[in-house]
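I open these notebook entries with the structure itself. The entries that follow record what I looked up in it.

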Amino acid sequence: MTATLETTIPGYRAGTWTIDPTHSEVGFSIRHLMISKVKGKFERFNATFVTGENPLDSSVTASAEVASINTNEPNRDGHLRTGDFFEAETYPTIDFVSTGVRVVKGEFLVDGDLTMKGVTKPVTFEFDFGGFGGDPYGNYKGGATAKAVVNREDFGLTYNAALETGGMLLGDTVTISLELQAQLEA
């Protein structure tokens, strides 16, 4: 039995939506040197959303190309593609497949399986609709943001280095931040 959503989402439509990569971003941040955060993004990614008549019956599949990682530092990006981190040649994508949508205290949560470096773990994204509307070209678009925090070591991303001042070079948790715009397919 599917729960019903009591919240009305203005402009919401059921259907299949594809990500608009020119108006979307798949980003992340991680603690660095224990004093600041380094941010990065994946330049190539795709996603498909299937929205049900009831928003709780919706689903998403998404993928990001590991080789497209960009932290604005080419040497670091190259290191991130190696076996110390993502091992891009063996595991070329990071994938997400939703397993359910729910509302808790008025907030949308999208549960699913995230696969990195051949390891799949359950992850929950906090999901916030930005809105829906038509663009100047007759397309119907939807926007949203999503965020999840994962422990990188759970996915086999264990590289680190001790600092002379104490502590470690990298934090364990990574915040995944998504800025999404998708188009309803005709």
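Is Glu25 buried, partly exposed or exposed? I found Glu25 partly exposed, at a relative accessible area of 37%; buried means under 20% relative accessible area, exposed over 50%, and partly exposed in between, with a 1.4 Å probe and protein chains only.

I note that this is a predicted model, in which local features need pLDDT of at least 70 and side-chain atom pairs count only at pLDDT 80 or more, while totals for chains, interfaces and linings use all residues. Residues are numbered from 1 along each chain as its sequence is written, and side-chain values use heavy atoms, with hydrogens and water left out.

**Entry 1: salt bridges**

I searched the whole structure for salt bridges and obtained five; the term requires a side-chain nitrogen of Lys or Arg within 4 Å of a carboxyl oxygen of Asp or Glu. I then looked up the partner of Glu25, which is Lys41, with the closest N and O atoms 3.8 Å apart. Lys41 belongs to strand E3 (residues 36–42) and Glu25 to strand E2 (residues 25–32), so this pair ties together parts that are 16 residues apart in sequence. Strands (E, at least two residues) and helices (H or I, at least four) are DSSP runs, numbered from the N terminus. Lys41 is partly exposed, with 29% relative accessibility.

Next I examined Glu65 and Arg44, whose side chains form a salt bridge at 2.8 Å, N to O. This pair links distant parts of the chain, 21 residues apart: Glu65 is in strand E5 (residues 59–65), and Arg44 is in the loop between E3 and strand E4 (45–51). Glu65 is partly exposed at 35%, and Arg44 is partly exposed at 40%.

I also recorded a salt bridge between Arg102 and Asp111, at 2.6 Å from N to O. Here Arg102 is partly exposed at 35% relative accessibility, whereas Asp111 is buried at 17%. Asp20, Asp135 and Lys141 are joined into one network by salt bridges that share partners.

**Entry 2: the nonpolar core**

How many residues does the largest nonpolar core have? I read 43 residues, and among those with the most contacts inside it are Phe42, Phe86 and Met116. Such a core is a set of buried Ala, Val, Leu, Ile, Met, Phe, Trp, Tyr and Cys residues joined through side-chain atoms within 4.5 Å. Strand E11 (residues 170–184) gives the most to this core, with six residues.

I followed Met116 further: leaving aside residues up to four places away in sequence, Met116 touches Phe86, Ile94, Val150, Phe155 and Leu157, where contact means heavy atoms within 4.5 Å.

**Entry 3: a hairpin**

I looked up strands E9 (residues 119–134) and E10 (residues 140–151), which pair in the antiparallel sense over eight bridges; pairing requires that DSSP finds at least two bridges between two strands. Gly134 has Tyr140 in E10 as its bridge partner. The two strands form a hairpin with five residues between them, and Gly138 in the turn has a positive phi of about 85°.

**Entry 4: Ser24**

Where is Ser24 found? I located Ser24 in the loop between strand E1 (15–19) and E2, and Ser24 is buried, at 12% relative accessible area. A polar atom of the Ser24 side chain lies 2.8 Å from the backbone oxygen of Asp20. The Ser24 side chain also reaches the backbone nitrogen of Gln181 at 2.9 Å. Not counting residues up to four places away in sequence, Ser24 touches Ile19, Phe45, Glu179, Leu180 and Gln181.

Conventions. Polar contact = N/O pair within 3.5 Å; in protein donor to acceptor, adjacent residues only side chain to side chain.
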